[in-house]
Amino acid sequence: MNISFFLKPKSEVFYLFDDCPARQAIDDMMKSGFTAIPVIDHKGRYIGTITEGDFLRLLLQNGAPDEQMTVGRVERRVRHRTASIDVKMEDMVELVTEQNFVPVVDGRGMFSGIITRHDVIQYMSDTYQKQPKK
């Protein structure tokens, strides 16, 4: 099944812009309760995903970031892999074993939304349960 049925659209996803001050982004992440957040530019292109660990390393190495430090300049340890909208749910299993969600981009690299690990596991569980018992 195509992942578009499970896509949480960009309009419903918490994300940060790459030019957002890191101090503000840290506060926003703490308030959101999320441990990883997609980062996009103002044209809507997916830049990457920033994590609590990325911010923690920034604080430990440099102390509190100054106002010039932006999310786009924070070093990210992990490069989250993306999926295109035409990928099948069965192909998402490998991706969600390594990340809580998979950013979905179109052919131009524009951020469309996310597929969550929960949705992939639920789909696979439902598919397995529908198979005839032997």
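This report walks through the overall build of a predicted model and then looks at some of its aromatic ring pairs.

**The chain as a whole**

Let's start with the big picture. The protein chain has 134 residues, and 37% of them are buried. Its secondary structure comes to four helices and seven strands. Reading from the N terminus, the order of those elements is β-β-α-β-β-α-β-α-β-β-α. If you lay the C-alpha trace along its principal axes, it spans about 60 × 30 × 20 Å.

How much do residues from far along the sequence touch each other? Take the contacts with a separation of 6 or more: 53% of them are between residues 24 or more positions apart.

On the outside, the protein chain exposes about 8300 Å², and carbon and sulfur atoms supply 52% of that area. As for charge, there are 18 positive and 19 negative charges, and the mean positions of the two sets are 3 Å apart.

**Rings that meet**

Now for the aromatic side chains. A search of the whole structure turns up five aromatic pairs. One of them is Phe 6 with Tyr 123: the ring centres are 5.5 Å apart and the planes sit at 70°, which is over the 60 degrees cut-off, so this pair is edge-to-face. The two partners come from distant parts of the chain, 117 residues apart. Phe 6 is in the segment before strand E1 (8-9), while Tyr 123 belongs to helix H4 (residues 117-130). Tyr 123 counts as buried, with 13% relative accessibility.

Another pair is Tyr 46 with Phe 111. Here the centres are 6.2 Å apart and the planes are at 25°, which is under 30 degrees, so these rings count as stacked. Tyr 46 lies in strand E4 (residues 46-51) and Phe 111 in strand E7 (residues 111-116), so the pair ties together parts that are 65 residues apart in sequence.

Are Tyr 46 and Phe 111 buried or exposed? Tyr 46 is buried at 14% relative accessibility, and Phe 111 is buried too, at 4%. Both rings also belong to an aromatic cluster, which they form together with Tyr 15 and Phe 17.

Here are the two pairs side by side:

| Pair | Centre distance | Plane angle | Arrangement |
|---|---|---|---|
| Phe 6 and Tyr 123 | centres 5.5 Å apart | planes at 70° | edge-to-face |
| Tyr 46 and Phe 111 | centres 6.2 Å apart | planes at 25° | stacked |

Methods:
Residues are numbered from 1 along each chain as its sequence is written. This is a predicted model: local features need pLDDT of at least 70, side-chain atom pairs count only at pLDDT 80 or more; totals for chains, interfaces and linings use all residues. Side-chain values use heavy atoms; hydrogens and water are left out. Rings of Phe, Tyr and Trp (its six-membered ring) pair if their centres lie within 6.5 Å; planes under 30 degrees apart count as stacked, over 60 as edge-to-face and the rest as tilted. Helices (H or I, at least four residues) and strands (E, at least two) are DSSP runs, numbered from the N terminus. Buried means under 20% relative accessible area, exposed over 50%, partly exposed in between (1.4 Å probe, protein chains only). Contact means heavy atoms within 4.5 Å. Accessible areas come from the Shrake-Rupley method with a 1.4 Å probe; for residues, only the protein chains shown count as cover. Lys and Arg count as positive and Asp and Glu as negative; His and the chain ends are not counted. The place of a charge is taken as NZ of Lys, CZ of Arg, CG of Asp or CD of Glu.
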